[in-house]
Structure formats: structure tokens, C-alpha cells
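This briefing introduces a protein structure to a reader who has not met it before. Please keep the sequence and the model in view while reading.

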Amino acid sequence: MTETAASHQDGMTHEADIVAALGGRSIVLVGMMGSGKSTIGRRLGARLHVPFLDADHEIEIAHAGMTVSEIFAQHGEPYFRDGEARVIARLLETGPCVIATGGGAFMREETRRRIHDKAVSIWLQADGDIILRRVKRRADRPLLQTADPAATIARLIGERSPFYQLADLAIASRDVPHEKIVDECIDALAAHLLSGAASSSSSETQ
């Protein structure tokens, strides 16, 4: 077997071990809008051979195809957040899978508790300038429909970071190939899920 083939096979075993260690739990990506939760989540799900679910997309389906911006405009943010919490609670029962959440979802204590109980959470941490560059051309971010989006992003990062820091793992989201971020997620999950299992197995055999 060539070195490349062996490395690929080891990687596949590594990923299978992660899924086995998850059991019925899911992987939940949290972080600011534009941090790459959907993009990275889709690729991470493919690598682990588990479904990828986008909470915002599921909310839109539940509202007969209304966009998140339309739901915000028509019903207001509190209504949206209540629906978001219900959708995430439902998705967490379908594990194992990879779930991308909206930027404000992790602020709610009830949702954080559910994620803690039923998933491993990963904070995709992105700087304000990267977020602004990624989202400034999009009109589907209701919280950024302001006169100064950069200041709004800075304020939201300040408000939300203390909550994002409660996630199990943190990965820096920056301008590198997406697969590099996915690789870092895989490595962090392996360290989080498998190192303890290896230590436990080693103690049992002594």
C-alpha cells in the first residue's frame, strides 16, 4: 500500500471512530453570520458520512418557504428565535448529523443546554473584517440592514462571543481553503472524543 493510500485509509478510520464515539449525538456549528457554518458544515457532514442540516433552511421550510428576512420583517425577532429553538430541538433528535445554527441561536440558554446534552458544539470564530467581507454583498441578513454594518458586526461579536466561548471546541474561520478548516474540525473532534476513550481503554487494561 502506498503512503498516500495508507494515509487516506487512516483518515477514513479516524472519521469512522469519531462517528462511533458520537453515538446518537450530533455536531453543532455555532458562530457569527458569515463564519462559514453552512459551507464547512456541508463538507464536514460529507467527510463523516452523516447528514448535514441547516437550521435556517429548516425554519424557512416550516414557514412555507418564507426567507429568514421575511420572517423577521413580518413576525419580529422574538417570534423567529422561538421557532428557531423549536427547530434546533427537533434536529437534535435526528443525530448523528452536522447542524449549522443561526448566529443568535446559541444565545438562548435552553438551546445551549440542549446542544450540550445532545451534541458536540464547535464555534467557528471569525474576525469582524472577514465577516463583513463575506456578507456585505448579501441582502438576506436582517440584523445587518443598518447604516453601519461594520459597527453592527463589531457590536454583535462583543455581545455574542462570551456565549460562543461556551462551545466545546473552537476553530478559527479564516481565508484558507475550506478543506483545511474541515481538517481542523476533524482533528479537534478526534482529540475531544477519542483521546478520553483511549485513556479509559488503557486504564481498563492495566
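Helix 3 lies across strand 2 and strand 3, and its direction makes about 65° with strand 2. The model described here is predicted. The points below begin with the whole protein, continue with the sheet and its strands, and end with the helices.

**Overall composition**

- The protein contains 9 helices and 5 strands.
- Along the sequence, these elements follow the pattern α-β-α-β-α-α-α-β-α-β-α-α-β-α.
- The protein has 206 residues, of which 42% count as buried.
- Its accessible surface comes to about 10700 Å², and carbon and sulfur atoms account for 53% of that area.
- Where contacts join residues at least 6 apart in sequence, 75% of them link residues at least 24 apart.

**The sheet**

- The 5 strands form an open sheet with parallel pairing, in the order 2-3-1-4-5.
- Strand 2 (52-54) and strand 5 (169-172) stand at the edges with a single partner strand each, so one side of each has no neighbour in the sheet.
- From one strand to the next, the twist averages 25°.

**Strand 1 and its partners**

- Strand 1 (residues 26-30) pairs with strand 3 (residues 98-100) in the parallel sense, over 3 bridges.
- In this pairing, Leu29 stands opposite Ala100 of strand 3.
- Strand 1 also runs parallel to strand 4, and 5 bridges join the two.
- Two positions illustrate the register with strand 4: Ile27 stands opposite Val120, and Val30 stands opposite Trp123.
- Is strand 1 enclosed by the rest of the structure or left open? Strand 1 is largely enclosed, because 5 of its 5 residues are buried.
- Both faces of strand 1 are covered, with Ser26, Val28 and Val30 buried on one side and Ile27 and Leu29 buried on the other.

**Strand 4 and strand 5**

- Of the 7 residues of strand 4, 6 are buried, so strand 4 is largely enclosed by the rest of the structure.
- Strand 4 and strand 5 are paired in the parallel sense through 4 bridges.
- Within this pair, Leu124 stands opposite Ile171 of strand 5.

**Helix 2 on the sheet**

- Which strands does helix 2 touch? Helix 2 (residues 37-48) packs on the sheet and touches strand 1, strand 2, strand 3 and strand 4 (119-125).
- The direction of helix 2 makes about 160° with that of strand 1.

**Helix 3 and helix 5**

- Two packed helices are described by the distance between their axes and the angle between those axes.
- The axes of helix 3 (residues 55-62) and helix 5 (residues 77-91) come within 9 Å and cross at roughly 110°.
- Helix 3 and helix 5 are therefore roughly perpendicular to each other.
- On the helix 3 side, the contact is made by Ala55, Asp56, Glu58 and Ile59.
- On the helix 5 side, it is made by Phe80, Glu84, Val87, Ile88, Arg90 and Leu91.
- How many residues of this contact are nonpolar, and how many are charged? The contact of helix 3 with helix 5 comprises 6 nonpolar and 4 charged residues, with no polar ones.

How values were computed. Residues numbered from 1 in each chain as written. Predicted model: local features only at pLDDT ≥ 70, side-chain atom pairs only at ≥ 80, totals over all residues. Heavy atoms only, no water. Axes fitted to C-alpha atoms, helices over the stretch in contact; angles between N-to-C directions. Parallel < 35°, antiparallel > 145°, perpendicular 65-115°, else oblique. Contact = heavy atoms within 4.5 Å. Nonpolar A, V, L, I, M, F, W, Y, C, P; charged D, E, K, R; others polar. Buried < 20%, exposed > 50% of the residue type's maximum accessible area, 1.4 Å probe, protein only. Areas by Shrake-Rupley, 256 points an atom, 1.4 Å probe, with all protein chains shown as cover. Pairing = 2+ DSSP bridges.
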